[in-house]
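Got your viewer open? Here is a short tour, one selection at a time.

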Amino acid sequence: MARTRNNTLKLKFDSARKLSPAPESKGAAKIKPRYDLFINGKFEKPSNKKYFSTTNPATGEKLSEVADANASDVDKAVKAARVAYEKVWKKMPATERAKYVYRIARMVQERARELAIVETMDGGKPIRESRDFDIPTAANHFFYYAGWADKLEYAFPNRNAKPLGVAGQIIPWNFPLLMAAWKIAPALATGNTVVLKPAETTPLTAMHLAEIIQEADLPPGVVNIITGAGATGAALVKHPDVNKIAFTGSTDVGKIIQRSVADTNKKITLELGGKAPNIIFDDAPIDQAVEGIVNGIFFNQGHVCCAGSRLYVQESVMDEVVRKLKDRMDTLIVGDPMDKNTDIGAINSKQQLDKINEYIKIGINEGYDMYQSNCSLPGRGLFLRPTIFTHVAQSSRIAQEEIFGPVLTIQTFRTDDEVIQKANNNPYGLSAGVWTDKGSKIFNLTTKLRAGVVWANTFNKFDPTSPFGGYKESGYGREGGLHGLSAYISF
C-alpha cells in the first residue's frame, strides 16, 4: 500500500514538474517608462526632479521610473486634498460621492487583466493570485463602500457621523492595489479626501489606479497619489494639516508613526505585523487542513501579515500531518510568476530574501529539523523553496518573530488549554486558524485566542464586509466592514 501511494505521488509530482508553460501575455498591460506624481487631478513632475527605478523581482529587469516625492511635494498634495475637501467633497451629496466610488470599482473591473499583469510583474506574486484574488477583491471593496456612502445614518444611528478631513494613507508592498482599495474606498465614502503613498518597491498599480481616478473624472484633489520611500511617508505623517493616518506595514515603523502623532489630534489606525497560529486538532479533516496550511503560509510567498506561520498540531496526528504536508509541498511549482501554472512566485526584493534566508540560518543553527521542497528554481530572479521547521521550541526566534516569507514552524500540543496558551504567547495578535469537526471546540478557542480574525476550517478568507485588524503588536483599529467606516468619521 505504501509503495503504491508513493508511486502515485511521484507520478503527480513528475507531471507537475513537466507542465507546459502557460504564460500570461505582458503585451496586455502598458507600463510607461516614467510616472510622475498624481496631485490635484493631474500628473506632475517632482519638485526635486528625482526618480527611482522599480524592477521585476522575478527577472531583475527595470520596469519603469517613478517620482521620488519630497516634503514640498507632500505639502502640495495635502493642500490640494484640503481644498478639495473644503470646497467640493464634503459639500457633495452622499449619493453623488457614491457614484464616483462605484465608477472606480467598475473601471477596476474593466481593466482587471491589465492590473493583474502589472501587479505580478512589479511584485512577483503569481498571476493566478493577482487575477483571482487581488484585483477582484480590490474592486469589491470599492463596490461595498460605494453602497455605504449615502447610508451613514443607518450605519451609525442617532450619532451624526462627520468626515475627518484629509487622510494620509501609507500602504505596503505585499498587496499594493488591494491595500489602496482598503484605504481609499472607506475614506471617500465617508466624505474624506486622500493623500496615498504606495510602497517604493511596488508603486505601479497605484499609478494605474491614479489613471483610473483621473479617467473617472473624480474632482481634482480628492485623491492624490505620491510615490517615494520612507522620507516621503514620514513627511506625510508629520504634516500638520493631515487629520487621519492609516498605515499598513511593519511593527517597527508603526511604532515610529505612533510616536510621531502622539502629541497631535490626528486619528490613527495601524495594521502591523503578525505571527498567526494555525491549529490542527486530531479530529480535523486532515487532507483539508493540509491544504489550509499550504494556503496559510505559502500564499503570496508568505508575504502576508496574517500568514499562518506557526503551525500547532495535536500530538497524535503530528506524523500524518507532516508527512502529507511534505508530499503536498513537493507538488508546488516555484517559478515564473507570469506562468499560470506557478504556485509560488518571486520574493519581493533582495532585502526581503536576505532577511528570510537569515531566519532560515537561525533555525538551522538552533538545531531544528528543516525540510525544503526539492523543486528546481529559475536561473535568475529572487526565488526561495517553501520551507518548514519541525520540533521547534516555543521560545525560538523563528517561532516568535515575523519572517514574512514561505517559512513555517511546527510544534505539537496535547490539550486545548496548552495550545491556547502557546498560541497567545507571542507579541502579535492579528489572526489565527482552527481546524476541528467540533463546533464547541471552535467557539471555545475563538473566545480565548487573542487575534483580530479567527478562521475555522479555512484560512486567508477575506471579504469587504468583514472587519480586519489586530491586537498587541499587530496594531489597532479595523479595516473592512462597518468597522472600517468608523476609522474615518467623528461624531
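Which helix gives the largest share of the lining of the second largest pocket? Select H5 and you have it: six residues of that lining come from this helix. Before you go on, keep in mind that what you have loaded is a predicted model.

**Stop 1: the second largest pocket**

With H5 (127–148) still selected, add helix H11 (286–298), since each of the two supplies at least two residues of the lining. The pocket has a volume of about 560 Å³. Its lining counts 26 residues, and the ones nearest the centre are Arg 128, Glu 129, Val 294, Asn 295 and Phe 299. Colour the lining by residue class and you should get eleven nonpolar, seven polar and eight charged.

**Stop 2: the largest pocket**

Now go to the largest pocket, with a volume of about 1200 Å³. Here 48 residues form the lining, and you can centre the view on Trp 173, Phe 247, Gly 249, Ser 250 and Val 253, the closest to the middle of the pocket. For the elements around this pocket, select helix H7 (176–189), helix H9 (230–238), strand E10 (244–248), H10 and helix H13 (350–365); each supplies at least two lining residues. H10 gives the most, with six. By class, this lining splits into 26 nonpolar, 14 polar and eight charged residues.

**Stop 3: Thr 251**

Stay on H10, which spans residues 251–260, and pick Thr 251. Is Thr 251 buried or exposed? Its relative accessibility is 6%, so it counts as buried. Show what surrounds it: leaving aside residues up to four places away in sequence, Thr 251 touches Leu 272, Gly 273, Tyr 428 and Glu 473. Zoom in on Glu 473, where the backbone oxygen lies 2.9 Å from a polar atom of the Thr 251 side chain.

**Stop 4: a three-stranded sheet**

Next, select E1, E5 and E4, in that order, and you have an open sheet with mixed pairing. Strand E1 (34–35) and strand E4 (51–55) are the edges: each has a single partner strand, so one side of each has no neighbour in the sheet.

How do E1 and E5 run relative to each other, parallel or antiparallel? They are parallel, and two bridges join E1 to E5 (residues 62–67). On the other side, E4 and E5 pair in the antiparallel sense, over five bridges. Click Val 66 in E5 to see both pairings from one residue: Tyr 35 has it as bridge partner, and Phe 52 stands opposite it. E5 is mostly covered, with five of its six residues buried.

Then follow the chain through the hairpin of E4 and E5, with six residues between the strands; Gly 60 takes a positive phi there, near 85°.

**Stop 5: His 208**

Last, jump to helix H8 (residues 204–215) and select His 208. With a relative accessibility of 0%, His 208 counts as buried. Which residues does His 208 touch, not counting those up to four places away in sequence? They are Lys 30, Tyr 35, Arg 111, Glu 114, Leu 115 and Val 118. Tyr 35 is the residue you just saw paired with Val 66. Draw a distance to Glu 114 as well: the two residues are 94 apart along the chain, yet their C-alpha atoms are separated by 9.3 Å. Finally, look within H8 itself, where a polar atom of the His 208 side chain sits 2.9 Å from the backbone oxygen of Leu 204.

Terms used: Residues numbered from 1 in each chain as written. Predicted model: local features only at pLDDT ≥ 70, side-chain atom pairs only at ≥ 80, totals over all residues. Heavy atoms only, no water. Helix = DSSP H or I, 4+ residues; strand = E, 2+ residues; numbered from the N terminus. Buried < 20%, exposed > 50% of the residue type's maximum accessible area, 1.4 Å probe, protein only. Contact = heavy atoms within 4.5 Å. Polar contact = N/O pair within 3.5 Å; in protein donor to acceptor, adjacent residues only side chain to side chain. Pairing = 2+ DSSP bridges. 1 Å grid on protein atoms, 1.4 Å probe; cavity = no way out; pocket = protein on both sides within 12 Å on 5 of 7 lines; lining within 4 Å. Points joined across faces, edges and corners; volume = space filled by probe spheres on them. Nonpolar A, V, L, I, M, F, W, Y, C, P; charged D, E, K, R; others polar.
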